[in-house]
Amino acid sequence: MLSKAEFFKQATCHLLQTLNLQKGVERLQLYVSSVLPCGEIRMSCFPSCSTAPSKNLHIRADGREASTYYGAPLTTERMQVLLSLTPLRGELITDPAHPLVSFCRSLNASGHGLMPLPWYDLVLRDDDGVIGECRFSGFADKPFTPRQRELLDSLRPVLCIALSNYRKYLELQAAHTCVKRENTSLKMALTGGSGNTELVGAQGGLRQVLERVRLVAGYEIPVLITGETGTGKELIARMVHSLSPRREGPFIALNCGAIPSSLIDSELFGYMKGAFTGAARNYKGYFERAAGGTLFLDEVGELPLDAQVRLLRVLQEREIQPLGASGSVSIDARILAATNRDLREMVRAGTFRSDLYYRLRGAHIRH
């Protein structure tokens with residue numbers, strides 16, 4: 001005879017074998033149907049109170065596939081009706097005239113149909129209250145026995161945890177979408193909306209600067225941006241990035257003058273766990289973090305000569321070697337650099353390498 005502990009252990013392993021709840025429910029159904037007369041599992045994720053009116057998210061598995069779909073909108077009023085009909089304890093529902101069956105039939109706007117009776121209905125709760133339910137469909141000629149219902153009851157805690165985590169994932173996903181939307185709006189604001197790159201003064205003295213930005217943005221060459229402190233060199237760099245083919249990638253900005261000389265290598269190239277005292281984990285440097293996007297080196301004229309040599313080698317070889325690593329890592333980042341200093345004068349004075357200067361100056365924007 002299958003023990004409750006073994007059933008719980010195996011069911012939990014199948015459900016939590018993946019972070020994808022849809023696939024987890026599918027695997028749970030495969031296991032439960034192998035030991036109990038269960039034809040389908042359907043889990044409903046109720047919307048949080050703060051998002052009503054919303055749609056009722058269903059995750060179902062019927063032995064062939066798992067699928068996720070949205071039922072009819074669950075307004076606050078409908079939620080109250082549903083909660084009033086949903087049993088607080090596990091309940092075996094066999095009567096087609098049961099109020100819960102009738103209510104679910106009224107919401108059936110998705111075309112997926114109702115689960116075949118009988119159902120065994122489990123209400124799922126967390127600290128915030130009722131978050132959903134899980135229904136197990138049986139067979140008319142093999143209704144769940146009291147012992148089998150007891151086994152299904154034992155799954156309530158792990159089902160609650162899985163669904164609660166999934167709700168949090170959905171909330172994070174919604175927040176991420178909101179942040180992306182706000183980010184897009186801010187970028188549009190920075191570029192004057194409607195994709196037209198504008199700055200204060202764009203119709204005056206900055207017109208030539210913006211024309212230069214548009215000209216160089218589409219190429220992969222490095223760009224050197226020069227100008228006095230406070231004239232908006234980073235904004236120009238962001239505009240180059242936003243108009244470039246790499247605009248969907250990250251824009252990573254580094255103030256070279258703010259990094260102590262002893263930390264430049266670890267910040268730019270990263271390091272491996274154990275590379276030095278205190279290196280408790282692998283750390284990605286700025287070059288790796290900018291992969292697929294743009295690395296903006298602000299105040300590049302502040303780099304000491306030894307760091308300039310290593311930066312030049314990276315620009316030539318297009319690869320880095322994190323501290324403590326046994327091999328090299330290819331880099332895929334466009335380099336934009338800015339300074340308020342006269343690099344030509346620094347080259348003549350021997351404080352800035354001429355080969356690095358010409359490497360950074362694939363194009364020049366004077367702002």
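**Exercise 1: helix H5.** Work out which residues of helix H5 (residues 146–153) are buried and where they sit around the axis.

*Solution.* Start with the cut-off: buried means under 20% relative accessible area, exposed over 50%, and partly exposed in between, with a 1.4 Å probe and protein chains only. On helix H5, Gln-148, Leu-151 and Leu-152 are the buried ones. Next, take the directions from the helix axis to the C-beta atoms, which define the arc. The three cover an arc of only 100°, so they lie on the same side of H5. As for the label H5, helices (H or I, at least four residues) and strands (E, at least two) are DSSP runs numbered from the N terminus.

A quick note on the input: this is a predicted model, where local features need pLDDT of at least 70, side-chain atom pairs count only at pLDDT 80 or more, and totals for chains, interfaces and linings use all residues. Residues are numbered from 1 along each chain as its sequence is written, and side-chain values use heavy atoms, with hydrogens and water left out.

**Exercise 2: Ser-244.** Place Ser-244 and list what it touches, not counting residues up to four places away in sequence.

*Solution.* First, the location: Ser-244 is in the loop between helix H8 (233–242) and strand E8 (251–255). Its relative accessible area is 1%, so Ser-244 is buried. Now the contacts (heavy atoms within 4.5 Å): with that sequence filter on, Ser-244 touches Ala-217 and Arg-334. Finally, check its side chain, which reaches the backbone oxygen of His-241 at 2.8 Å.

**Exercise 3: ring pairs.** Classify the pairs Phe-269/Phe-287 and Tyr-357/Tyr-358.

*Solution.* Rings of Phe, Tyr and Trp (its six-membered ring) pair if their centres lie within 6.5 Å; planes under 30 degrees apart are stacked, over 60 edge-to-face, and the rest tilted. The whole structure has 6 aromatic pairs. Phe-269 and Phe-287 come out at 6.0 Å centre to centre with 15° between the planes, a stacked pair. Phe-269 belongs to helix H9 (residues 264–269) and Phe-287 to helix H10 (residues 286–289), so the pair ties together parts 18 residues apart in sequence. Both Phe residues are buried. For Tyr-357 and Tyr-358, the centres are 5.0 Å apart and the planes at 65°, so this pair is edge-to-face. Tyr-357 is buried at 4% relative accessibility, whereas Tyr-358 is exposed at 58%.

Conventions: Polar contact = N/O pair within 3.5 Å; in protein donor to acceptor, adjacent residues only side chain to side chain.
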